[in-house]
Amino acid sequence: MKPLVENLYVHVPFCTHLCPYCDFPKERLAGNRMRDFLAGLQAEWAATREEFTLRPRHVFFGGGTPTALSPALMKELLAVAPWGEAEEWSVEANPDGFGDTKARQLAAAGVTRLSLGVQAFRPADLAWLGRKHDRAAIRQAVQSARAAGIRSLNLDLIYGLPDQGPAEWQETLAEACALEPDSLSAYAITPEEGTELAARLARGEWSPNEDREAVLFLLTCRFLEARGYQSYEVSNFARHGHECRHHQAVWSGKDYLGLGPGAVSTVGGRRWRNLRDTGAYAQSWRLGSGPRREEEEARTSEQVRTEEILLGLRTRSGLAEPGLAGHEAWLDTLVRKGWARREEGRFRLTARGRLRADEVAAILT
Ligand code: SF4
């Protein structure tokens, strides 16, 4: 019997410009590469259906910037597979270049959730992040999504920027909340290896400040929770019913299939990555020549358990206590310190504890 996969991720590797902090597989928009990508995706979908039973339930289009494609190419992308049958279909977008036409196009195809890469509002923050949009573009994109009837709207934000103390970050959060999103994601800026940001760090032009980030993280939890956004993962906050179910499925260890260049899949105890280069990816699926996947591995039960603990500690659902036998004294210590709670047979980190999720995970694994 073919394995059933209900969680699908589609990686669309194109952006209108490249941001200095980004390490996702992506490239600048170019017509021929986009055509290659679409042909590769169609071939991958057809071939993958032979291997797995694909029943889209939670679909996530990320990137890159899926909405950077022209309306004509987006039409093709949205029709590659029956994505619209999913209960949740999320698409990432950037405020620049996202208006009524694309919002209507997504809504008509059945997209239920839009995740907008806002990142910041202050011009200095946006410039430092290399973003090309401004406040007016953010407002316009939100309005377009709402007017088109997309059910759930998420805003992505980044904190830990230069000259951003608690007052400036709180202003950013307030500005985001004023747009009435259904959920928010707030990530600490990270100098990923090989990015321009890492080069700035190496040149001494900037450095992350962990203590300040911790203050901003706790502020985020307090501020958003007071406004009805519950933290359901370290970086993710949502009003009831607006949690990203695709992410929740992945975090809880469900199988997921990644389509597109560089996309990662985990199915039936195996994990692999598609070829990252768009041309090589497309060729591998269209012509069936050479390997289609890299970094393929069978996961050991130890790897699965370690990941389960790491991800569980980062989420609101936490970990089932019976699985933590042998660590009782340590769990009690964490509860006494105010880093964790034991509720309904589950062990959950508090906001303060989530700041140290990796440390706690190291002890429990
Ligand atoms: S728009 Fe998003 S995916 Fe594209 S370069 Fe910037 S951060 Fe990366």
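In this predicted model, Arg271 is in contact, once its neighbours within four places in sequence are left aside, with Val264, Ser265, Thr266, Glu297 and Arg299. Arg271 itself has its place in strand 13, which spans residues 270-274. Because 18 other C-beta atoms lie within 10 Å of it, a number between the limit of 12 or fewer for exposed residues and that of 20 or more for buried ones, Arg271 is classed as partly exposed. With respect to Arg33, which is 238 residues away along the chain, the C-alpha atom of Arg271 lies at a separation of 27 Å.

The pairing of strand 13 gives these contacts a setting. Strand 12, formed by residues 264-267, runs antiparallel to strand 13 and is joined to it by four bridges, and within this pair Arg271 is the bridge partner of Thr266, a residue that is also listed among the contacts of Arg271. The two strands form a hairpin with two residues between them, in which Gly268 adopts a positive phi near 55°. Strand 13 also pairs with strand 14, residues 293-298, again in the antiparallel sense and over four bridges; here Arg270 of strand 13 has Ala298 of strand 14 as its bridge partner.

Strand 14 also contains Glu295, whose phi is near 50°, a positive value in a residue other than glycine. Glu295 has 9 other C-beta atoms within 10 Å and is therefore counted as exposed. A comparable description applies to Glu344, which is not a glycine but has a positive phi of about 45°. Glu344 is found in the loop between strand 16 (340-343) and strand 17 (346-349), and it counts as exposed because it has 9 C-beta neighbours inside 10 Å. A further backbone feature is the cis peptide bond that joins Gly63 and Gly64, for which omega is about 25°; Gly64 lies in the loop between strand 4 (53-63) and helix 2 (71-78). As a background to these features, most residues other than glycine have a negative phi, and most peptide bonds are trans.

Elsewhere in the chain, nine strands make up an open sheet with mixed pairing, in the order 9-10-8-7-6-5-4-1-11. Its edges are formed by strand 9 (230-233) and strand 11 (257-259), each of which pairs on one side only, and the twist from one strand to the next averages 25°. Within this sheet, strand 6 (residues 113-119) and strand 7 (residues 152-159) run parallel and are joined by five bridges, with Ser115 having Asn154 of strand 7 as its bridge partner. Helix 6, residues 166-178, lies across strand 6, strand 7 and strand 8 (183-188), and its direction is at about 170° to that of strand 7.

The domain assignment divides the chain into domain 1, residues 4-251, and domain 2, residues 302-364, and the centres of the two, taken over C-alpha atoms, are separated by 28 Å. Nine residues from domain 1 and eight residues from domain 2 take part in the contact between them. On the side of domain 1 that touches domain 2, helix 8 (210-226) and strand 9 each supply at least two residues, and the largest share, four residues, comes from helix 8. By residue class, this side of domain 1 consists of seven nonpolar residues, one polar residue and one charged residue.

Considered as a whole, the chain has 14 helices and 17 strands. Its radius of gyration is 21 Å, close to the 21 Å that the globule rule gives for 365 residues, so the chain is as compact as a globular protein of that length. Along the principal axes, the C-alpha atoms fill a box of roughly 60 × 50 × 45 Å. Of the 365 residues, 39% count as buried, and among contacts with a separation of 6 or more, 72% are accounted for by residues 24 or more positions apart.

How values were computed: Residues are numbered from 1 along each chain as its sequence is written. This is a predicted model: local features need pLDDT of at least 70, side-chain atom pairs count only at pLDDT 80 or more; totals for chains, interfaces and linings use all residues. Two strands pair if DSSP finds at least two bridges between them. Axes are lines fitted to C-alpha atoms, for helices over the stretch in contact, and angles run from 0 to 180 degrees between N-to-C directions. Two residues are in contact if their C-beta atoms, placed from the backbone, lie within 7 Å. The radius of gyration is taken over C-alpha atoms; the globule rule is 2.2 Å times the number of residues to the power 0.38. Domain bounds come from an automatic or database domain assignment. Ala, Val, Leu, Ile, Met, Phe, Trp, Tyr, Cys and Pro count as nonpolar, Asp, Glu, Lys and Arg as charged, and the others, Gly among them, as polar.
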